[in-house]
Amino acid sequence: YISMKFKLITDSSANLREIHEDVEFASVPLSIRVEDRDFVDDETLDLDDMLETMHKADGVGLAAPQVGILRRICVIDDGNGLIELINPEIVSTEGTQNDLEGCLSLPGKWGYVERPKKVTVRAMDRTGDVYEYEGEDLLARAFCHELEHLDGILFSSHVTEFVEPDR
């Protein structure tokens, strides 16, 4: 069961291959207390629905363009807790890893992709607070994978070897 609100978009959609716009906060300085801030974009209120869609599809991450929201938003849960990323950017990477990846928007496609072993991402949460998140291994891979969705890049463009899924 996938959330009634969102349907996963597959590779046939041109939206998956576009660079998406930042989420804009109302013209309230970010130094104002959390409860005084409002988003301009209603799409950010859909973070809970994105999370539900991701979990019901057995995903580790989900980027807003994958459900038709053309903004720079993604959610990730690698089993160690939810991370919400609004207007994320990678600020540093370290090392390399080569491992198997799949994508909710490319069902049944799996392949080996080289990614950084360690990644630091800076992003806002739903209240507009800026955080830096550091991830290694699966979390680093998820950061890279989901942020690339926001730039219209699919993991399949990095695959060094496609493999058949074990089913």
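Author: Let us start with a yardstick: buried means under 20% relative accessible area, exposed means over 50%, and partly exposed lies in between, using a 1.4 Å probe and protein chains only. The model is a predicted one, in which local features need pLDDT of at least 70 and side-chain atom pairs count only at pLDDT 80 or more, while totals for chains, interfaces and linings use all residues. Residues are numbered from 1 along each chain as its sequence is written, and side-chain values use heavy atoms, leaving out hydrogens and water.

Reader: Glad to have that. Why is D137 called partly exposed?

Author: D137 has a relative accessible area of 35%, and partly exposed runs between the 20% and 50% limits. So D137 earns the label.

Reader: And what makes the contact of D137 with K117 a salt bridge?

Author: The term asks for a side-chain nitrogen of Lys or Arg within 4 Å of a carboxyl oxygen of Asp or Glu. In D137 and K117 the closest N and O atoms are 2.3 Å apart, so the pair qualifies. D137 sits in the loop between β7 (130-136) and α2, and K117 in the loop between β5 and β6, so the bridge ties together parts 20 residues apart in sequence. K117, at 34% relative accessibility, is partly exposed as well.

Reader: Which residues are joined into one network by salt bridges that share partners?

Author: E101, R115, R141 and E148. Within this group, the side chains of E101 and R115 meet at 2.8 Å, N to O. E101 belongs to strand β4 and R115 to strand β5, so this pair ties together parts 14 residues apart in sequence. The search of the whole structure finds eleven salt bridges.

Reader: How do you know whether E101 and R115 are buried or exposed?

Author: The figures are 3% for E101 and 4% for R115. Both values fall under the limit for buried, so that is what both residues are called.

Reader: What makes E52 and K56 about one helical turn apart?

Author: They are four residues apart in helix α1 (residues 47-56), which means a separation of about one helical turn. Helices here are DSSP runs of H or I with at least four residues, strands are runs of E with at least two, and both are numbered from the N terminus. The E52 and K56 side chains form a salt bridge at 3.6 Å, N to O. E52 has 28% relative accessible area and K56 has 39%, so each counts as partly exposed.

Reader: How do you know that β4 and β5 pair?

Author: Two strands pair if DSSP finds at least two bridges between them. Strand β4 (residues 97-102) and β5 share six, in the antiparallel sense, so they pass. N98 stands opposite E114, and G102 has W110 as its bridge partner. On its other pairing, β5 meets strand β8 (residues 161-163) antiparallel over three bridges, with G111 partnered by F162.

Reader: Why are β4 and β8 called edge strands?

Author: The three strands form an open antiparallel sheet in the order β4-β5-β8. β4 and β8 each pair on one side only.

Reader: And which face of β5 is covered?

Author: The one with G111, V113 and R115; W110, Y112 and E114 make up the uncovered face.

Reader: What makes a group of residues a nonpolar core?

Author: The members are buried Ala, Val, Leu, Ile, Met, Phe, Trp, Tyr and Cys residues joined through side-chain atoms within 4.5 Å. The largest such core has 16 residues, of which I76, I83, L85, V119, V121 and F143 touch the most other members. At least two residues come from each of β2 (73-77), β3 (82-94), β6 (118-124) and α2 (138-149). Helix α2 contributes the most, six residues. A second, separate core has 14 residues, including M50, A64, I73 and M124.

Reader: Why is N87 called buried?

Author: N87 has 16% relative accessibility, so it counts as buried. This residue lies in strand β3.

Reader: Finally, where does pLDDT stay under 50?

Author: Over residues 26-41. pLDDT is the predictor's confidence in each residue, from 0 to 100. Where it is low, the predicted coordinates should not be read in detail. The protein averages 82, and 77% of the residues score at least 70.

Conventions:
Contact means heavy atoms within 4.5 Å.
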